[in-house]
Amino acid sequence: MAEFKEFKIKWGMVIDIDKCTGCGACMVACQAENNLPPAEDASNKLRSMNWLTVYRLTNHKPFPDHEVAYLPRPCMQCGKPSCVSVCPVIATDKREEGGIVSQIPPRCIGCRYCMASCPYHARYFNWYDPKWPGDLAQVLTPDVSARMRGVVEKCSFCHHRFMKAQEAAVANGRDPMDLRDGDYITACTEACPNGAITFGDLNNPKHKVHELSKSPYAFRLLERLGTDPQVYYLSKREWVRREGDNYLENEKTGENKRQG
Amino acid sequence: MDYSKPFDAGLFPEGCERCSLTKFLAWMSFLGVIFLWGLYAAIRVLGFGLGETGMDDYFGFGLWITFDLAVIALGAGAFFTGALRYILNIDELKNIVNLAAVIGFLCYTGAMLILVLDIGQPIRCWFGYWYPNVHSMLTEVIFCITCYCVVLILEYVPLVLENRKLMQIRFVRILAHNFHVYMPIFAGIGAFLSTFHQGSLGGMYGVLFGRPYLFREGFFIWPWTFFLFVLSAVASGPMFTVLVCTAMEKLSGRKLVSWDVKQLMGRIAGTMLIVYTFFKCLDSWYWAADTLLAQGLTFDDMFYGYIYGKWLFWAEHLLLIVPMFVLMVKKLRENPMIFYSMMILVCASITLNRYLLTVQGLAMPVMPFDVWHTYAPNWVEWACCALVFAYATMVLSVTYRYTPIFPQEAELNKK
């Protein structure tokens, strides 16, 4: 059964929805950074590979009260991941160095049980052999291995950047387990033109995310299920926060949060 | 040589008649065409990838998993009838236990075949043994299903050895005898393995706490679906065995198993059906009235339009409740038409249950801003299921033609 795992470092993300314009730069940056192959038929969104997907939210009210918001959804790197406990071959695990949920493509048998378990749809399957038309293969990120057909893949919080940051810290004589704020950030964080995404160690008071995650406007997706996500969202709009979880009609937003 | 008998009459079981070889080959050719169609689809999947199917990232499970779960439940007649015959010594069941074992063998090998296609990296199928995750219900399924498949092969082999010509070989005769001596051990191991993997298949869904449609509380590490799957399998398995037997009787035009034995199977399965229906209804009520509400959802949130409508939920339950009450009335269950019809309804309910857990469970959007998507299997998925159907029917046809799987057949068809 799934259980909580607490680590000294907990890499997390805080996404300010009120700053997000839905431009999709984070999605593009993620695809380029992590060697996601272009889809042959990108009109089929249920087979398009996007480790990070931007969802469009509305308050369901007619004009002139109608409002929209955009919610980028990477892997939540759950504290209690529904996917890790179900994988029959330990192809995915909660890593001790920062609590990132890893995925090992050469270990994966492609049963897709982890995909069935994930309520965030953060996992993707390689339905065909990946193809990079023309010279696209020449611009692949050398630090990220390309995945083969028949395996599941997901957002890794650009784990290779974490390793690079650790190497740089060692080279500069610093503790690789005590990175400074900004030493390690994900490609989507770097690409966001509005600075809507903040990345860092949620456990480290010196990191900005530590404070942001404690904001009264912070919420996490589907907290009631008890997955304990490491991705937080911020919004001053109550209806946006309410869209983050399922509520009965008589329940107030933010009620019934559960830690597993 | 007696030219009035089929060319291969020397291989038939003692005292049993069979159709002409030409007729038999025509039947096999018909099945062979279906088999080849399925084989073409399977080769496409293995050659090009699972993109050939109708599945996608929202519906990682589809027709194939539904098919697997259904045939594994319906094939449960093998372990349950075997356990009743060899462990509890219900002697009358010897007349149908061979067929139950053959059906179990075919259902499980068929399911394994589909699983080979369904996993993205079939060449890594041994990873389940090499890198097992002891926390995963699927690991238990992989272990038990493969082990039980071996047990079913061991139960099937002695039936093949019973062939009249093969039995003339001394070694085969002794081997077959020894297999029969140790059959209670196989039956015991089979009962243990099968109970666990039937349960684990249900547990696979119940543990998914991120999927409100599927998540169930339970006892210790086992969600309620674990126990429901075991009960549903022992209720529907013997019924499916009786239905296959009856279908074989209709096709061959011969009596194969006496009505008394079928009624006994019906009474056993019917008793299990009462237990299953009671707990299934209790589970559904608790899920709707408590589990869902704790997740901020209501019963209505679980359904969408016609394709995932409430009618499916009620149909699943009614297809259990109606047969349960009908089969309780002696006068009604002694009418063959009603008896078989009710069994078909129960098997349909179990199949529907597997479909709803597999497809509707994934269709239901959990994030409030997500939307319902629908899934329809494409021809490749249907063809691969047809491949298994054709394979199973061909093997069953050959087994029936050349081996004495029905001890009562000669007696029941005496002219």
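## Where helix 3 meets helix 8 in chain B

In chain B of this predicted model, Phe79(B), Gly82(B), Ala83(B), Tyr86(B) and Ile87(B) of helix 3 touch Met183(B), Pro184(B), Ala187(B), Gly188(B), Gly190(B), Ala191(B) and Ser194(B) of helix 8. Residues are in contact if their C-beta atoms, placed from the backbone, lie within 7 Å. Sorted by class, these contact residues are eight nonpolar, four polar and no charged. Here Ala, Val, Leu, Ile, Met, Phe, Trp, Tyr, Cys and Pro count as nonpolar, Asp, Glu, Lys and Arg as charged, and the others, Gly among them, as polar. Helices (H or I, at least four residues) and strands (E, at least two) are DSSP runs, numbered from the N terminus.

The axes of helix 3 (residues 77–87) and helix 8 (residues 183–206) of chain B come within 9 Å and cross at roughly 140 degrees. That makes helix 3 of chain B oblique to helix 8 of chain B. Angles under 35 degrees count as roughly parallel, over 145 as roughly antiparallel, 65 to 115 as roughly perpendicular and the rest as oblique. Axes are lines fitted to C-alpha atoms, for helices over the stretch in contact, and angles run from 0 to 180 degrees between N-to-C directions. The crossing of these two helices of chain B is left-handed, meaning that the near helix is turned anticlockwise from the far one by less than a right angle.

## Two long-span helices of chain B

Helix 4 of chain B (residues 94–118) has 25 residues, which at 1.5 Å a residue should span 36 Å, and its end C-alpha atoms are indeed 36 Å apart. The expected span is 1.5 Å times one less than the number of residues. Of those 25 residues, 19 are buried (20 or more other C-beta atoms within 10 Å of a residue's own; exposed is 12 or fewer, and partly exposed is in between). Helix 4 of chain B packs against helix 6 (residues 137–161) of chain B at about 140 degrees, with the axes 9 Å apart, and this crossing is left-handed. Among the residues in this contact are Phe105(B) and Tyr108(B) of helix 4 and Tyr148(B) and Leu152(B) of helix 6. By class, the contact has 12 nonpolar, three polar and one charged residues.

Helix 9 of chain B (residues 224–252) has an expected span of 42 Å for its 29 residues, which agrees with the 42 Å between its end C-alpha atoms. It is largely enclosed by the rest of the structure, as 22 of the 29 residues are buried. Next comes Gly253(B), with a positive phi near 75 degrees.

## Where the chains touch

How many residues does each chain give to the contact? Chain A gives 48 and chain B gives 41. On the side of chain A, the largest share, four residues, comes from helix 3 of chain A. That side divides into 29 nonpolar, 10 polar and nine charged residues.

## Backbone surprises in chain A

Most residues other than glycine have a negative phi, and most peptide bonds are trans. The bond from Phe63(A) to Pro64(A), however, is cis, with omega near 10 degrees. Pro64(A) sits in the loop between strand 2 and strand 3 of chain A, and so does His60(A), whose phi is positive, near 60 degrees. His60(A) is exposed, with 11 other C-beta atoms within 10 Å.

His121(A), in the loop between helix 3 and strand 6 of chain A, also has a positive phi, near 55 degrees. With 18 other C-beta atoms within 10 Å, His121(A) is partly exposed.

## Reading the numbers

Residues are numbered from 1 along each chain as its sequence is written, while chains are lettered from A and ligands numbered from 1 in the order in which they are written. As the model is predicted, local features need pLDDT of at least 70 and side-chain atom pairs count only at pLDDT 80 or more, whereas totals for chains, interfaces and linings use all residues.

Definitions and conventions
Two residues are in contact if their C-beta atoms, placed from the backbone, lie within 7 Å.
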